[in-house]
Amino acid sequence: GYHIHYIMEKFAYFYAQLDDPNFPDANGKTILENGLFPIGAELGNGSSHNTVNVFHTMTGGNGAFNVSNPLIDVNSTSVNLYNTWLQGLGVPRTMGRMSEYTPGAIDGLIRA
């Protein structure tokens, strides 16, 4: 409905501000190019509260992630997605319920 359109419109505005070439980072790229800015949901199915098939979109994290297909349905848990992001950014720890985490499960889908 309307509220989803409104929220996505606000994210588009925010992303445009982060992509302003008049304010580059030290490496000459924009903040949007250098950062990882995900948008998504926590639940794949709100009625059952599962975390599989959750919609996410993301930016490239200075080349750490493949954004050639920015709308991702990775058929995996959110915990796998979040930990793949952390590892792609060089963070040496994991988060979430370890029973839902499979190391490397989606590296081939989103890691550059």
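Mentor: A residue counts as buried when its relative accessible area is under 20%, as exposed when that area is over 50%, and as partly exposed in between. The model before us is a predicted one, and the labels that follow should be read with that in mind.

Trainee: Why is Tyr15 called buried?

Mentor: Tyr15 has a relative accessible area of 16%, and the limit for the buried class is under 20%, so Tyr15 is buried.

Trainee: How many aromatic pairs does the structure hold, and what makes the pair of Phe11 and Tyr15 edge-to-face?

Mentor: The structure holds four aromatic pairs. In the pair of Phe11 and Tyr15 the ring centres lie 6.4 Å apart, and the planes meet at 65°. Rings pair if their centres lie within 6.5 Å, and planes over 60 degrees apart count as edge-to-face, so both conditions are met and the pair takes that name.

Trainee: Why are Phe11 and Tyr15 separated by about one helical turn, and is Phe11 buried or exposed?

Mentor: Both residues belong to helix H1, which spans residues 2-18, and they are about one turn apart because four residues separate them along that helix. Phe11 fits neither word in full: its relative accessibility is 29%, which falls between the 20% and 50% limits, so Phe11 is partly exposed.

Trainee: What makes the pair of Tyr82 and Trp85 tilted?

Mentor: The planes of Tyr82 and Trp85 are 35° apart, with 5.8 Å from centre to centre. Stacked would need under 30 degrees and edge-to-face over 60, so an angle of 35° leaves the pair tilted. Tyr82 and Trp85 are both in helix H3 (residues 78-88), three residues apart, again about one turn of the helix.

Trainee: How do you know that Tyr82 and Trp85 are buried?

Mentor: Tyr82 has a relative accessible area of 15% and Trp85 has 6%; the limit is under 20%, so each of these residues is buried.

Trainee: Which residues do ring pairs link into a cluster?

Mentor: The cluster consists of Phe11, Phe14, Tyr15 and Phe37.

Trainee: How do you know that the side chains of Arg97 and Glu100 meet in a salt bridge?

Mentor: The N to O distance between these side chains is 3.0 Å. A salt bridge asks for a side-chain nitrogen of Lys or Arg within 4 Å of a carboxyl oxygen of Asp or Glu, so the pair of Arg97 and Glu100 qualifies. The structure holds one salt bridge.

Trainee: Why is Arg97 called exposed, whereas Glu100 is called partly exposed?

Mentor: Arg97 has a relative accessible area of 56%, which is over 50%, so Arg97 is exposed. Glu100, at 23%, falls between the two limits and is therefore partly exposed.

Trainee: What makes the contact between the side chains of Asn34 and Asp25 a polar contact, and why is Asn34 called buried?

Mentor: The distance of 2.7 Å satisfies the requirement that the N or O atoms lie within 3.5 Å. Asn34, which lies in helix H2 (residues 31-34), has a relative accessible area of 18%, so it is buried under the 20% limit. Beyond its neighbours within four places in sequence, Asn34 is in contact with Asp25, Asn27, Lys29, Gly61 and Asn62.

Trainee: What does the chain look like as a whole?

Mentor: The chain has four helices and two strands, in the order α-α-β-β-α-α along the sequence, and buried residues account for 30% of its 112 residues.

Conventions. Residues are numbered from 1 along each chain as its sequence is written. This is a predicted model: local features need pLDDT of at least 70, side-chain atom pairs count only at pLDDT 80 or more; totals for chains, interfaces and linings use all residues. Side-chain values use heavy atoms; hydrogens and water are left out. Buried means under 20% relative accessible area, exposed over 50%, partly exposed in between (1.4 Å probe, protein chains only). A polar contact is a pair of N or O atoms within 3.5 Å; within protein, one must be able to donate a hydrogen and the other to accept it, and residues adjacent in sequence count only if both atoms are side-chain atoms. Contact means heavy atoms within 4.5 Å. Rings of Phe, Tyr and Trp (its six-membered ring) pair if their centres lie within 6.5 Å; planes under 30 degrees apart count as stacked, over 60 as edge-to-face and the rest as tilted.
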